[in-house]
Amino acid sequence: MTNSLPTHAEVVIVGGGIVGCSIAYHLTRLGITDVVLLEQNKLTSGTTWHAAGLVGQLRATQNLTRLAKYTTELFAELETETGLSTGYKRTGSISLATNFERMEELNRQASTARAFGVEAEIIQPQDVLQYWPGINLDGVAGAVYLPGDGQTNPVDTTMALAKGARSGGAMIFENQEVLELLTNAGGICGVRTSAGEISANKVVLASGMWSRQLAATIGVSIPLQAAEHFYIVTEPMQTLTAGMPTLRVPDEQAYFKEDAGKLLLGAFELEAKPWSVDGVPADFAFGTLPDDMDHFAPIMETAIKRFPALEHAGIQLSFNGPESFTPDDRYLLGPTAEYSNLFVAAGFNSIGIQSSGGAGKVLAEWIANNHPPMDLFDVDIKRMFPFQSTRKYLVNRTRESLGLLYAMHWPFRQYETARDARRGTLHQQMLDQGATMGELCGWERPNWFVRGNNAPRYEYSFGRQNWFDACKQECLAIRDSVALFDQSSYPIFSLKGRDAASVLNHICANNVDVAIGKVVYTQWLNERGGIEADVTVTRVKHDEFLIVSSCASEIRDFNWLESHIPRDAHAIAFNVSNSYAIIGVMGPSSRAVLAGLTPNDISNAALPFYTSLEIELGYSRIRINRLSYVGELGYELMVPMDFVAHVYEELLRVGHDYGLTHAGFHAMNACRVEKGYKHFGHDIGDEINPFQSGLGFAVDMTKSDFLGKSSLQGKQKNYENRLVNIAVADKDAPLLLHDEPIFCDGELVGITTSGMWGHRVERSLGIAMLSNPAGVSRDYIESHDFQIEVAGKRFPLDVQLAPFYDPRSARMKS
């Protein structure tokens with residue numbers, strides 16, 4: 001242990017838990033040896049020391065699963081490399097289903113696991129006794145067994161990582177509290193500790209539950225909240241044997257782990273207890289929280305019924321310790337929007353041990369290369385918004401989010417807590433029309449509208465949910481007449497200045513140096529040709545452009561725009577989302593409705609596809625953009641916020657004669673899948689280029705230069721991996737969601753990225769990424785038979801490059 005604190009480091013890591021030590025370890029493996037790790041107490045203090053040490057492989061996405069698998073490989077090798085025992089052992093894990101809905105979920109997870117390269121086996125109830133003798137099988141419908149999962153000793157593993165980091169040149173200091181994050185005009189420039197200041201080129205906050213309060217001192221938002229987490233450890237039990245797989249019973253919110261002949265019983269109760277909302281004391285290092293057996297008792301009682309031997313076991317330890325949770329149960333990784341050289345690795349939602357190896361590896365590569373090594377959108381901290389760091393929001397959401405780890409993972413499930421945070425001007429009007437609201441990034445958005453005797457609430461299932469017929473009516477209205485969408489959640493950016501055109505043309509793959517009034521669909525690419533954003537750009541003046549992005553990527557996209565404006569350029573970006581709201585008017589009667597409201601000419605000749613006009617509508621002047629995400633004639637109205645209610649009332653007044661219907665985002669999603677339109681974060685991301693995505697039409701390779709162009713050279717026809725459109729051929733087709741594996745001649749060749757029922761074509765549809773070393777060509781598709789696996793069953797699949805609805809887009813351009 002080095003005693004002298006240096007005055008400078010390339011990278012300073014704040015936090016000596018398992019994640020911080022993993023980052024230091026992986027940085028040194030990349031050759032970055034000028035690394036200083038500062039721990040305010042002792043290594044492993046905070047959360048690591050009391051973690052259960054479970055090491056699972058299957059995560060929500062393919063890339064996160066890759067990282068979890070890497071963690072198991074790292075832990076298996078770490079002892080040989082460092083000479084320190086980690087306690088890692090491969091034990092496997094079993095998840096029980098106590099109802100048929102949960103069994104459906106496990107079957108779907110098993111199919112996904114195998115597609116992700118994780119060994120998974122569906123086993124019968126009686127087979128569970130082979131691994132856990134004495135388990136009560138009452139009500140058990142089945143189980144899934146993952147033999148590659150394991151367990152590790154969190155403290156020993158952290159020490160091994162720390163030793164590996166020191167061997168690589170990193171310096172680790174304990175009892176060094178960071179009192180201040182230092183900033184200057186260039187961003188983060190170092191830290192101040194009780195022993196002095198250290199200047200740094202990059203700083204990493206891996207401070208666990210302290211991260212939010214430390215970041216807040218410089219105006220950085222890190223939405224996480226500590227919550228009490230409970231488990232008990234019994235006296236030794238004769239019924240337990242070494243190496244038993246971890247047993248999870250998610251319907252009973254419990255997990256069972258054999259630990260040196262004792263039983264560790266832990267819980268993810270449905271309603272959690274947030275802790276220390278106003279901040280965690282610096283000296284809470286190896287602290288514990290008071291027992292709350294009243295809170296834990298329901299879990300204990302159910303666990304005794306499930307494993308009767310527990311009733312007579314002595315309790316050696318009743319433990320309650322804090323762990324940090326995020327609003328969406330996904331951890332926070334990467335550079336912050338506020339400071340590009342301030343990195344975060346925090347909020348691990350009780351999976352910090354199993355995530356530590358992979359998260360440390362990719363963050364180290366992110367730091368070294370200034371970009372992530374894979375698509376990490378799901379955990380990118382820039383998906384979060386500043387309001388999500390408010391105390392009330394975090395307290396309310398954390399009560400729910402902890403329990404969601406073991407709750408049913410229903411498709412389209414909506415959060416029940418921390419709702420009504422962001423509401424558009426038309427929120428009440430939408431409710432009056434029967435809207436059933438969903439939540440995205442705090443926005444309350446109409447997902448579907450009540451029809452008939454339905455109540456405005458979700459009734460979840462893996463089949464057709466209670467809004468299926470309502471969604472169908474909305475889709476048919478879009479096809480046959482006209483529908484109105486409240487798109488208030490769409491962010492709008494403005495770029496102004498004499499250099500705005502040249503700056504934006506360098507950022508955009510398509511040519512946006514176009515005539516005033518032209519709308520351009522384009523992607524923003526990284527230097528590797530991957531897609532960073534999917535936007536529309538409207539030129540409104542010679543020196544001004546309006547950019548419409550997507551709700552979930554608002555912070556990320558605006559940060560990308562701002563960070564790619566050269567310092568000497570005369571161009572300024574503004575987020576003007578609070579100044580306008582977008583109302584979508586879609587369907588074959590949309591032009592007639594709008595023509596009845598404006599004296600301006602909006603005929604096909606005056607307003608062709610992908611053009612924009614400023615028009616009068618009622619008492620307001622609005623911008624009308626002709627485009628469509630649903631595949632029908634349509635318009636997006638960009639309305640000044642103070643005129644939104646008036647414009648809406650005018651639309652209803654004239655729209656009544658044309659059968660105007662309100663439609664929600666489920667209908668929009670169904671229509672866009674029918675058209676094969678891609679969705680950022682699901683179908684496209686920073687690992688896939690536009691040509692693979694079927695978006696080559698939105699790239700102008702004749703431009704002199706744009707970000708990512710050099711990486712696209714020669715790739716226009718390199719389709720080894722390619723997005724395609726799919727439809728299940730079976731008349732009893734299941735609903736597709738995402739991550740269902742696709743097979744060709746019995747070999748795994750792809751996975752779905754989106755799925756929805758197409759009401760205009762009456763088929764179960766999806767978008768999928770297929771892989772073939774010789775190329776995913778039309779000939780390859782037409783000369784092979786494909787199948788899709790859903791919940792362990794395979795169904796014949798129709799695959800094509802063209803969309804299944806109106807492939808020539810004649811309706812949209814009419």
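Here are some notes on side-chain packing and pairing in this predicted model.

1. **T71 and its surroundings.** Let's start with T71, which sits in helix α2, running over residues 62-82. Its relative accessibility is 0%, so T71 counts as buried. Setting aside neighbours within four places in sequence, T71 is in contact with V55, and also with I353, Q354, S355, S356, G357 and G358. If you want a backbone distance to check, the C-alpha atoms of T71 and G56 are separated by 9.1 Å, with the two residues 15 apart along the chain.

2. **What the T71 side chain does with its polar atoms.** Two of the residues on that contact list deserve a closer look. The T71 side chain reaches the backbone oxygen of Q354 at 3.1 Å. A polar atom of the same T71 side chain lies 2.9 Å from the backbone nitrogen of G358. Both partners are backbone atoms, an oxygen in Q354 and a nitrogen in G358.

3. **Salt bridges around K273.** Searching the whole structure turns up 41 salt bridges. As background, side chains of opposite charge can pair when their charged atoms come close. One to look at is K273 with E228, where the closest N and O atoms are 3.6 Å apart. This pair links distant parts of the chain: K273 is in the loop between β16 (262-267) and α7 (293-306), while E228 is in strand β13 (residues 225-234), 45 residues apart. K273 is partly exposed, given a relative accessible area of 24%, whereas E228 counts as buried because its relative accessibility is 10%.

4. **A second partner for K273.** K273 also meets the side chain of D292 in a salt bridge, at 2.5 Å from N to O. Here D292 and K273 both belong to the loop between β16 and α7, 19 residues apart. If you plan to look at K273, I'd display E228 and D292 alongside.

5. **R397, with a carboxylate and a ring.** R397 forms a salt bridge with E439, and the closest N and O atoms are 4.0 Å apart. R397 lies in helix α9 (residues 391-404) and E439 in strand β20 (residues 435-440), so the bridge ties together parts that are 42 residues apart in sequence. Both ends count as buried, because the relative accessible area is 2% for R397 and 12% for E439. The charged end of R397 also sits over the ring of Y415, 3.9 Å from the ring centre.

6. **A charged network, and another arginine over a ring.** Some salt bridges join up: D380, K382, E532, R556 and D686 are linked in a network. Elsewhere on the arginine theme, R464 lies over the face of W757, at 4.6 Å from the ring centre.

7. **Cysteines.** How many disulfides are there? The count comes to zero. C441 is in no disulfide, and its nearest cysteine sulfur, that of C551, is 4.2 Å away. C441 is buried, because its relative accessible area is 11%. For C471, the closest cysteine sulfur is in C475 at 4.1 Å, which is too far for a bond, as the cut-off is 2.5 Å. C471 counts as buried too, because its relative accessibility is 1%.

8. **Aromatic pairs.** The count comes to 28 aromatic pairs. F377 and F680 make an edge-to-face one, at 5.4 Å centre to centre and with 85° between the planes. F377 lies in the loop between α8 (352-369) and α9, and F680 in the loop between α16 (665-674) and α17 (709-712), so this pair ties together parts that are 303 residues apart in sequence. F377 and F680 are both buried. Y780 and F786 are edge-to-face as well, at 5.8 Å centre to centre and 80° between the planes. Both rings belong to buried residues, because the relative accessible area is 9% for Y780 and 4% for F786.

9. **An aromatic cluster.** Finally, which residues form one aromatic cluster? They are W410, W448, Y458, Y460 and F462.

Conventions:
Residues are numbered from 1 along each chain as its sequence is written. This is a predicted model: local features need pLDDT of at least 70, side-chain atom pairs count only at pLDDT 80 or more; totals for chains, interfaces and linings use all residues. Side-chain values use heavy atoms; hydrogens and water are left out. Helices (H or I, at least four residues) and strands (E, at least two) are DSSP runs, numbered from the N terminus. Buried means under 20% relative accessible area, exposed over 50%, partly exposed in between (1.4 Å probe, protein chains only). Contact means heavy atoms within 4.5 Å. A polar contact is a pair of N or O atoms within 3.5 Å; within protein, one must be able to donate a hydrogen and the other to accept it, and residues adjacent in sequence count only if both atoms are side-chain atoms. Rings of Phe, Tyr and Trp (its six-membered ring) pair if their centres lie within 6.5 Å; planes under 30 degrees apart count as stacked, over 60 as edge-to-face and the rest as tilted. A charge sits over a ring if NZ of Lys or CZ of Arg is within 6 Å of the ring centre and within 35 degrees of the ring normal.
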